[in-house]
Amino acid sequence: MPLNRNFSAAVSDALAAARRRFSERGLPQRAALVVLLFLLFAKAALVVTFPLGAILNRPASLVVTDREGRPLRGTLSAAGEWRLPVPLADMGRWMPAAAVALEDRRFYLHGGIDTIAIARAAWQNFTGGRVVSGASTITSQVVRLAVDRPRTPWAKAVEFSQGAALEFFMDKDEILETYLNSVPFGGNTRGVEAAARSWFGKPAKELSLAEAALLAGLLRGPAYYRPDRHPERALALRNRLIDTLESRGVATPQEARRAKAEPLPTGRRAISSARIQAAEAAARYGGAAEARDGYGRFRSTLDSAMQRLLTGELTAALGNMEPGVTAAAVLVENETGKVRGYVGNAREGTGSGASWVDCALSPRSPGSTLKPFVYALAFESGRAIPATMLADTPQQPSGGGTRNFDRLFRGPVSARTALADSLNIPAVRILRAAGAENVLGLFRRLGFSQLTREAEWYGDSLALGGCEVSPLELARAYRTLAAGGLDSPLVWNERAGLSAGTRVISAEAAALTLDILKDTRRNLPLYGEAGADGKTVAFKTGTSYGLRDAWTAAVTRKWTLVVWFGDPSGRPHRGLVGLKTAAPSAVRIMLKLTKKGDPWFTLPPSVVRKELCALSGAPRNQWCPQSRRGLFIEGVSDAAPCPLHTMKEGEISIKWPPELEGFFAGRGNREAEQPLTITSPKDGAVYAVGAENNKLILSSKGGRGPVYWFVDGELAGDSGEGAPLAWKMREGVHKIAAADEYGAADEIEITVRNQAEDGTEELPLLEESR
């Protein structure tokens with residue numbers, strides 16, 4: 001213990017030396033030293049006990065804003081108050097000027113304590129025999145608002161001293177900002193922003209002189225001067241304060257005169273927005289509590305203009321529907337994954353039944369909207385390409401099992417046609433080829449959180465929507481297609497960085513899937529405007545079993561959109577068909593968001609056009625009578641040649657797979673069931689157009705009934721079975737499609753050049769240029 005004894009001795013010696021030096025000094029020196037030590041001790045105590053944390057960390061309301069910073073919704077603070085702090089620069093001209101002129105004229109001159117005001121207050125209180133004035137400054141009031149103390153002279157002295165100290169921690173504008181964000185305006189309203197929105201329905205920066213004077217008057221007695229309950233008192237005080245502001249040079253006589261003519265508010269307004277579901281979703285999924293700034297604001301990714309567009313279109317569509325039906329929509333920016341539009345319930349705020357339900361988060365049966373992902377998995381594994389022939393035939397000899405929506409069987413169809421026309425039986429065949437376990441695994445990687453059972457439990461319904469998915473989850477999945485198969489959570493925080501994403505679908509499979517979904521030969525009424533304006537939209541509809549849900553998911557280069565219509569209670573409605581109900585709204589929204597000539601997705605380098613058998617869709621063999629170019633993934637897609645066409649006894653014959661052989665045998669007419677194929681013009685052909693050489697013959701074989709011809713998505717005309725149609729050519733690259741009334745279809749692409757400008761010899765109309 002020698003160390004402890006040495007230390008104690010040293011302390012004793014130091015104290016003894018200090019007492020000797022103090023006793024040797026004169027009385028004045030000793031007194032000055034005592035005062036100095038007292039002041040140093042007081043200052044140290046003041047610094048240690050200074051309530052800076054209470055001043056700076058007063059609980060604020062969480063305010064969710066749009067991407068531009070415009071408030072969408074606020075919530076009560078942890079203290080149960082509406083406190084919406086804003087920077088001083090966002091408080092406008094009048095409120096800060098009125099507060100300084102009326103509460104603390106020398107605010108920018110004193111150091112936290114106004115000695116002139118103290119002297120005046122002391123004289124007024126002495127001569128009046130009661131407390132007439134308190135001489136508080138804005139700085140000292142900031143301290144008082146942060147720390148609740150009893151109203152005693154000692155507490156007042158502490159507030160003044162801490163107010164003086166506050167001037168060392170914050171500059172004048174910061175103190176004024178803190179004051180105006182903290183002052184109470186009655187009830188649970190605190191701060192000028194909350195007061196401005198409560199009384200006038202506007203932000204503080206838009207307050208007029210009269211409105212600022214009224215709020216300044218409320219600080220002197222929020223209940224006593226409430227304008228909706230005591231308008232005479234409130235008006236008299238407001239006008240006196242306007243006169244004071246005029247006399248102190250804050251307002252001109254003209255401004256004061258106009259201000260006095262303004263009416264008083266007749267009641268308070270709700271601070272929270274009437275449509276809150278979008279803001280709540282942004283706050284929940286964007287981590288608003290942790291991501292908000294120093295003013296309690298969370299800047300979401302929501303775009304107010306997009307919100308209005310979605311709400312307007314959905315509301316218009318609901319005008320002709322039963323009251324029990326509502327709609328939801330989610331709009332995502334593909335490049336960033338940011339949610340730009342979100343309507344949880346288009347009837348929100350109307351007071352109708354279940355209008356409070358956020359349907360965009362509600363798990364519902366997605367119908368056929370999941371089929372593209374089943375096909376994408378088959379494309380990725382090489383089991384199929386868009387041209388692959390599939391059998392749309394009964395799965396059981398009796399005709400039972402899975403049925404198409406229209407209850408028709410089309411026989412041989414391409415995967416492109418099967419997906420574009422949403423045929424159920426081919427989708428089930430693709431599911432089985434890809435493997436139900438693999439499909440379920442993909443769905444889970446895409447974020448479908450409700451798929452908790454084993455693949456055997458779902459069975460074939462995985463391809464037909466026999467599970468539950470929310471519109472928000474489906475939007476994420478379709479955005480993954482748009483992102484080339486890279487999946488990442490949707491982004492709700494405008495300040496968040498971009499995510500690299502996780503690959504869940506190959507880029508090639510995603511490209512092939514979207515190429516099918518943009519097929520303009522489908523559903524002409526929806527594409528009339530698109531074809532005319534050169535706009536491209538890929539979309540997929542879905543209808544749940546029993547007509548309970550109508551869906552459409554749509555994709556362009558820039559946007560992904562999911563639209564849902566249904567009854568929150570789950571009741572069926574006859575009008576809930578995806579193509580009729582959800583698709584028109586979705587396509588209209590996308591066309592408004594798409595500019596003429598906007599580019600489409602670029603195919604990956606490994607996706608090439610290859611000569612394929614026009615019937616089987618496999619690489620052409622030597623006996624295939626007709627071919628067409630189709631999309632093919634090099635090194636992935638099955639390169640085995642066409643298995644259908646063979647040479648038998650010197651003649652080309654077709655070896656149909658068993659499911660098609662039995663189908664044709666049951667119908668007794670194999671030729672009538674041949675797939676629809678465009679025979680003229682040839683896919684990839686180049687033609688020259690001149691003054692006398694401007695008609696192109698369109699012809700086809702196969703299919704049933706009239707054939708409808710489409711050029712670039714526009715109806716060019718119809719022809720009888722096997723009959724040709726003349727089309728007047730025009731320059732450019734054109735997509736020509738043919739479809740019969742049973743859904744069989746084919747599509748090619750040609751190029752038309754100007755003969756005179758091209759400088760080449762005239763090409764025969766039906767000659768293929770290779």
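**Notebook: side-chain contacts in the predicted model**

I began at Phe448, which is buried, with a relative accessible area of 2%. I note at the outset that the model is predicted, and that every entry below refers to this model.

**Entry 1. Confidence.** I looked up the pLDDT before reading any contacts. The protein has a mean pLDDT of 84, and 82% of its residues reach 70 or more. I then checked two stretches where the value is below 50. Residues 1-5 form one of them, and this stretch has zero contacts beyond near neighbours in sequence. Residues 758-770 are also below 50, but there I find 26 contacts beyond near neighbours in sequence.

**Entry 2. Salt bridges.** How many salt bridges does a search of the whole structure find? I record 22. I followed three of them individually.

I took Arg93 and Glu255 to begin with; their closest N and O atoms are 3.2 Å apart. Arg93 belongs to the loop between β3 (82-83) and α4 (94-103), whereas Glu255 belongs to helix α12 (residues 253-260), so the salt bridge ties together parts that are 162 residues apart in sequence. I checked the accessibility of the acid: Glu255 is buried, at a relative accessible area of 17%, which is under the 20% cut-off for that term.

I turned next to Glu313 and Arg588, whose side chains meet in a salt bridge at 3.3 Å, N to O. Both residues are helical: Glu313 is in α15 (residues 304-318) and Arg588 in α25 (residues 578-593), so this pair ties together parts that are 275 residues apart in sequence. Is each partner buried or partly exposed? I find Glu313 buried at 9% relative accessibility, while Arg588 is partly exposed at 38%.

I then examined Arg416 and Asp515, which form a salt bridge at 2.7 Å, N to O. Arg416 lies in helix α17 (residues 415-420) and Asp515 in helix α23 (residues 507-517), so parts that are 99 residues apart in sequence are tied together. Here I find Arg416 buried, with a relative accessible area of 14%, and Asp515 buried as well, with 12%. I also noted one network, in which salt bridges that share partners join Glu333, Lys338, Arg340 and Glu494.

**Entry 3. Aromatic rings.** I looked up ring pairs and recorded a count of nine aromatic pairs. I chose Tyr285 and Trp492 for a closer reading: the pair is stacked, with 5.9 Å centre to centre and 25° between the planes. The two rings come from distant parts of the chain, since Tyr285 is in helix α13 (residues 277-285) and Trp492 in the loop between β10 (486-487) and β11 (502-503), 207 residues apart. I find Tyr285 partly exposed at 42% relative accessibility, whereas Trp492 is buried at 4%.

I then returned to Phe448, which pairs with Phe443 in a tilted arrangement, 5.6 Å centre to centre and 55° between the planes. I checked the partner too: Phe443 is buried, with a relative accessible area of 0%. Finally, I noted that ring pairs link Tyr285 and Trp492 with Tyr342 into a cluster.

**Entry 4. Charges over rings.** Which ring does the charged end of Arg453 sit over? I find the ring of Trp457, with the charged end 4.2 Å from its centre. I recorded a further case at Phe107, where Lys172 lies over the face at 4.5 Å from the ring centre.

**Entry 5. Asp66.** I located Asp66 in the loop between β1 (63-65) and β2 (71-74). Asp66 is buried, at 1% relative accessibility. I looked for its polar partner and found the backbone nitrogen of Gly69, 3.0 Å from a polar atom of the Asp66 side chain. Leaving aside residues up to four places away in sequence, I list Leu72, Arg299, Ser300, Leu302 and Ser304 as residues that Asp66 touches.

**Entry 6. Ile697.** I closed with Ile697, which I find in strand β21 (residues 695-701). Ile697 is partly exposed, with a relative accessible area of 33%. I set Ile697 against Trp727: the two are 30 residues apart in sequence, and their C-alpha atoms are 6.3 Å apart in space.

Notes
Residues numbered from 1 in each chain as written. Predicted model: local features only at pLDDT ≥ 70, side-chain atom pairs only at ≥ 80, totals over all residues. Heavy atoms only, no water. Salt bridge = Lys/Arg side-chain N within 4 Å of Asp/Glu carboxyl O. Helix = DSSP H or I, 4+ residues; strand = E, 2+ residues; numbered from the N terminus. Buried < 20%, exposed > 50% of the residue type's maximum accessible area, 1.4 Å probe, protein only. Phe/Tyr/Trp six-rings, centres within 6.5 Å; stacked < 30°, edge-to-face > 60°. Lys NZ or Arg CZ within 6 Å of the ring centre and 35° of its normal. Polar contact = N/O pair within 3.5 Å; in protein donor to acceptor, adjacent residues only side chain to side chain. Contact = heavy atoms within 4.5 Å. pLDDT = per-residue confidence, 0-100.
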